[in-house]
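Please look over the interior packing and the pocket of this protein. A short report follows.

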Amino acid sequence: MTVIDKIAWIRIENHAILSTRSHGKDVYYLPGGKREPGESDLATLLREIDEELGVAITPETVTPAGVFEAQAHGHHAGTTVRMTCYTADYQGTPTASSEIAEVNWLGYADRHRVSTVDQIIFDRLYEQGQLR
């Protein structure tokens, strides 16, 4: 079994979650990405969010939000994505950059538009009353 290890940012405002769609992809993902060799979760989160959205995560507000696993979207069966998620405040305005084609605030009704692992996260946030 192959595991894709990713760090992701959960940002909820007005009961909607910040999501991104990469160029050439047909589903949305939580912003974030893979760590560089030797990079900590925090360093990965700060770098990826700056690269993808052009915003600065406020490091002292970073809080663990769970680890989620599912079949990796668009990969062969048996390829799992493990997303270690964090919440955090930020400075700036999220804007698509780098490999990101689109930034969108999604509600629970948009669950069918996100990757499998994100659907699990949407379900958890909906059950907790954070996502509508």
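I121 makes contact with I10, L30, F68, M83 and C85, leaving aside residues up to four places away in sequence. The model is predicted.

I121 belongs to the largest nonpolar core, which has 19 residues. Within this core, I10, I17, L30, M83, C85 and I121 touch the most other members. Four elements, β1 (2-10), β6 (63-71), β7 (79-87) and α2 (116-127), each supply at least two core residues. The largest share comes from α2, with four residues.

A second core is separate from this one. It holds eleven residues, including L18, L45, I49 and L53.

Next, the pocket. The largest pocket has a volume of about 390 Å³. Its lining counts 23 residues. Of these, K6, S22, K25, Y29 and K34 lie nearest the pocket centre. At least two lining residues come from each of β1, β3 (16-22), β4 (32-34), α1 (41-53) and β7. β4 gives the most to the lining, three residues.

The lining of the largest pocket divides by class as follows.

| Class of lining residue | Number in the largest pocket |
|---|---|
| Nonpolar | eight residues |
| Polar | nine residues |
| Charged | six residues |

Which elements appear in both accounts, each supplying at least two residues to the largest core and at least two to the pocket lining? β1 and β7 are named for the core and also for the lining of the largest pocket.

How values were computed: Residues numbered from 1 in each chain as written. Predicted model: local features only at pLDDT ≥ 70, side-chain atom pairs only at ≥ 80, totals over all residues. Heavy atoms only, no water. Core = buried A, V, L, I, M, F, W, Y, C linked by side-chain atoms within 4.5 Å. Buried < 20%, exposed > 50% of the residue type's maximum accessible area, 1.4 Å probe, protein only. Contact = heavy atoms within 4.5 Å. 1 Å grid on protein atoms, 1.4 Å probe; cavity = no way out; pocket = protein on both sides within 12 Å on 5 of 7 lines; lining within 4 Å. Points joined across faces, edges and corners; volume = space filled by probe spheres on them. Nonpolar A, V, L, I, M, F, W, Y, C, P; charged D, E, K, R; others polar.
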